[in-house]
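Trainee: I would like to learn how to read a model like this one, going from a single residue outwards to the whole fold. Could we begin with one position and work from there?

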Amino acid sequence: RIKVLAAEALAKVVKDPDLGFVTITDVRVTPDLMQAKLYYTVFGSDEDLERSKEILERNKGRLRGEIGHHIGIRLTPTLELIHDEVPATAGALAELLAEAKRRDAEVGQI
């Protein structure tokens, strides 16, 4: 639920035109519901990532308030925003596997 609310809050609360194309990829909440780690990715260059990181950090309180308003629990978790590097790592790994497969095919033809 927090993942969906965070994504909606990005569009509704953060009105900065410099915010890149941000996707909330995962949310991990502590068992006591006091802290939530929001993992996100930014489509674009490293410059877009850095600019979006700054904008998200500046608006973390507003995001938390919007989530708290809609979540329906007594206490709103503290948010920690973490850039998710798994998609980039997975893409690089897929490229390496494709290269290894191509080379195996070349060796098999010899």
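Trainee: Where is the place of S45?

Mentor: In this predicted model, S45 lies in the loop that connects β2 to α2. Its C-alpha atom is separated by 9.5 Å from that of G20, although the two residues are 25 apart along the chain.

Trainee: Does S45 count as buried, partly exposed or exposed, and why?

Mentor: The class follows from relative accessibility, where partly exposed covers the range between the buried limit of 20% and the exposed limit of 50%. S45 counts as partly exposed because its relative accessibility is 37%.

Trainee: How should I read the strands on either side of such loops, and what order do they have in the sheet?

Mentor: The general idea is that strands of a sheet pair through backbone hydrogen bonds, and that they do so in either a parallel or an antiparallel way. Here the sheet is open, with three strands in the order β1-β2-β3 and mixed pairing. Its edge strands, each of which pairs on one side only, are β1 (21-29) and β3 (78-83). On average, and with direction ignored, neighbouring strands in this sheet are turned by 30 degrees against each other.

Trainee: How many bridges join β1 to β2, and which residues stand opposite each other?

Mentor: The antiparallel pair of β1 and β2 (residues 35-43) is joined by eight bridges. Following the register along β1, F21 stands opposite F43, V22 stands opposite V42, and I24 has Y40 as its bridge partner. These two strands form a hairpin with five residues between them, and L33, which is in the turn, has a positive phi of about 60 degrees.

Trainee: And how do β2 and β3 run, parallel or antiparallel?

Mentor: They run parallel, and six bridges join them; in that pairing Y39 of β2 stands opposite I82 of β3.

Trainee: Once the sheet is clear, which helix packs on it?

Mentor: To read packing, one looks at which strands a helix touches and then at the angle between directions. Helix α2 (residues 46-58) packs on this sheet and touches β1, β2 and β3, while its direction makes about 150 degrees with that of β2. Leaving aside neighbours within four places in sequence, L56 is in contact with L10, L19, V22, Y40, L63 and L81.

Trainee: Which residues of the largest nonpolar core touch the most other members?

Mentor: That core has 23 residues, of which L10, L38, Y40 and L56 touch the most other members. At least two residues each come from α1 (2-13), β1, β2, α2, α3 (60-71) and β3, and α1 gives the most, with six.

Trainee: How do the elements of the protein chain run from the N terminus, and what is its overall extent?

Mentor: The chain has four helices and three strands, and from the N terminus they run α-β-β-α-α-β-α. For extent, one can set the radius of gyration against a reference: a compact globule of 110 residues would have a value near 13 Å, but this chain has 19 Å. Its C-alpha trace spans about 65 × 35 × 15 Å along the principal axes. Buried residues make up 28% of the 110 residues, and carbon and sulfur atoms account for 55% of an accessible surface of about 7,600 Å². Finally, of the contacts between residues at least 6 apart in sequence, 57% join residues at least 24 apart.

Technical notes:
Residues are numbered from 1 along each chain as its sequence is written. This is a predicted model: local features need pLDDT of at least 70, side-chain atom pairs count only at pLDDT 80 or more; totals for chains, interfaces and linings use all residues. Side-chain values use heavy atoms; hydrogens and water are left out. Two strands pair if DSSP finds at least two bridges between them. Axes are lines fitted to C-alpha atoms, for helices over the stretch in contact, and angles run from 0 to 180 degrees between N-to-C directions. Contact means heavy atoms within 4.5 Å. The radius of gyration is taken over C-alpha atoms; the globule rule is 2.2 Å times the number of residues to the power 0.38. Buried means under 20% relative accessible area, exposed over 50%, partly exposed in between (1.4 Å probe, protein chains only). Accessible areas come from the Shrake-Rupley method with a 1.4 Å probe; for residues, only the protein chains shown count as cover. A nonpolar core is a set of buried Ala, Val, Leu, Ile, Met, Phe, Trp, Tyr and Cys residues joined through side-chain atoms within 4.5 Å.
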